[in-house]
Amino acid sequence: MICHPERLAKDLCDPSTSVSGRQLVLSDSSAPPQNDNLNMDCLFCKIVNKELSADVVFENENVLAFRDIYPKAPIHILIIPKQHIESINSENSENIAKDLILTAKNIIKRDSIKGCKLVFNVGKEGGQTVDHLHMHLLSGNE
Ligand code: 5GP
Ligand code: ZN
């Protein structure tokens, strides 16, 4: 599912403007190599592929973590796999989720986060609006 087509369309029409802190980054020669496991209709795959910018707080070979564009807490980070997988209900999600949890632990330690909530919304009925597996890290301390 494309999650916010109207906002993406606005970005595409006017790449020079920032929309709620998110800017379209036109691809150039420094773009990362094509990842075969991306779904280019997916908002978070576009962020992985650097087609859409995000406030990235951590990145490694398999995982990307960036600040939620509409934070629900003073610290609100989304931790996602770089490969497209829909949700915790998807096959093999448990192995990928382990990488997300390890990343959360690294960020918690690195940023001295005193306490937090780690949340997976699973499926539309569970509040999942972006169909690319992600874990929310929410914390009250700045
Ligand atoms: P869900 O509701 O699917 O569990 O979480 C999706 C999250 O993605 C929401 O908290 C929403 O604010 C965030 N989000 C939606 N679009 C964007 C975007 O373009 N950039 C960033 N950084 N976060 C987004
Ligand atoms: Zn995706």
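## A zinc site and a few salt bridges

Let's start at the metal: the zinc ion (ligand 2) sits in a tetrahedral site, with angles of 104 to 116° among its four donor atoms. Keep in mind that what you are looking at is a predicted model.

So who holds the metal? The protein donors of the zinc ion (ligand 2) are the SG atoms of C42 and C45 together with the ND1 atoms of H84 and H132. They lie 2.1 to 2.3 Å from the zinc. Try finding these residues along the sequence: their spacing reads C-x2-C-x38-H-x47-H. C42 is in the loop between α1 (5-13) and α2 (43-48), while H132 is in the loop between β4 (117-119) and β5 (135-139), so this pair ties together parts that are 90 residues apart in sequence.

Are C42 and H132 buried or exposed? Both of them are buried.

### A closer look at H132

H132 is worth a stop of its own. Its place is in the loop between β4 and β5, and its relative accessible area is 0%, which is why H132 counts as buried: the cut-off for that word is under 20%. Which side chain does the side chain of H132 make a polar contact with? The partner is the side chain of H84, at 3.4 Å. H84 is also one of the zinc donors, as you saw above.

Leaving aside neighbours within four places in sequence, H132 is in contact with C42, F44, C45, I80, P81, Q83, H84, I85 and E86. Pick them out in the structure and you will meet the other zinc donors, C42, C45 and H84, once again.

### The chain as a whole

Now zoom out. The protein chain has three helices and five strands, and from the N terminus on they run α-α-β-β-β-α-β-β. The chain has 142 residues, and 38% of them count as buried. About 8,300 Å² of the protein chain is exposed, with carbon and sulfur atoms supplying 51% of that area.

How much of the contact-making is between residues well separated in sequence? Take the contacts in the protein chain with a separation of 6 or more: residues 24 or more positions apart account for 53% of them.

### Salt bridges

How many salt bridges does the structure hold? There are five. Here are three of them, with the distance between N and O atoms:

| Salt bridge | N to O distance |
|---|---|
| E59 and K50 | 3.2 Å |
| E59 and K82 | 2.8 Å |
| D111 and R110 | 2.8 Å |

E59 appears in two of these rows, with K50 and with K82. E59 lies in strand β1 (residues 56-59) and K82 in the loop between β3 (75-81) and α3 (93-110), so the pair ties together parts that are 23 residues apart in sequence.

How accessible are these partners? E59 is partly exposed, with a relative accessible area of 37%, and K50 is partly exposed too, at 31%. K82, on the other hand, is buried, with a relative accessible area of 14%.

Then there is the bridge in which the side chains of D111 and R110 meet. D111 counts as partly exposed at 34% relative accessibility, and R110 counts as partly exposed at 45%. As for K50, E59 and K82, salt bridges that share partners join these residues into one network.

Technical notes:
Residues are numbered from 1 along each chain as its sequence is written. Chains are lettered from A and ligands numbered from 1 in the order in which they are written. This is a predicted model: local features need pLDDT of at least 70, side-chain atom pairs count only at pLDDT 80 or more; totals for chains, interfaces and linings use all residues. Side-chain values use heavy atoms; hydrogens and water are left out. Donors are N, O and S atoms within 2.8 Å of the metal (3.2 Å for Na, K and Ca); water is not among the atoms, so sites may look incomplete. Four donors count as tetrahedral if all angles lie between 85 and 135 degrees; four count as square planar and six as octahedral if opposite donors are over 155 degrees apart and all others between 65 and 115; anything else is irregular. Helices (H or I, at least four residues) and strands (E, at least two) are DSSP runs, numbered from the N terminus. Buried means under 20% relative accessible area, exposed over 50%, partly exposed in between (1.4 Å probe, protein chains only). A polar contact is a pair of N or O atoms within 3.5 Å; within protein, one must be able to donate a hydrogen and the other to accept it, and residues adjacent in sequence count only if both atoms are side-chain atoms. Contact means heavy atoms within 4.5 Å. Accessible areas come from the Shrake-Rupley method with a 1.4 Å probe; for residues, only the protein chains shown count as cover. A salt bridge is a side-chain nitrogen of Lys or Arg within 4 Å of a carboxyl oxygen of Asp or Glu.
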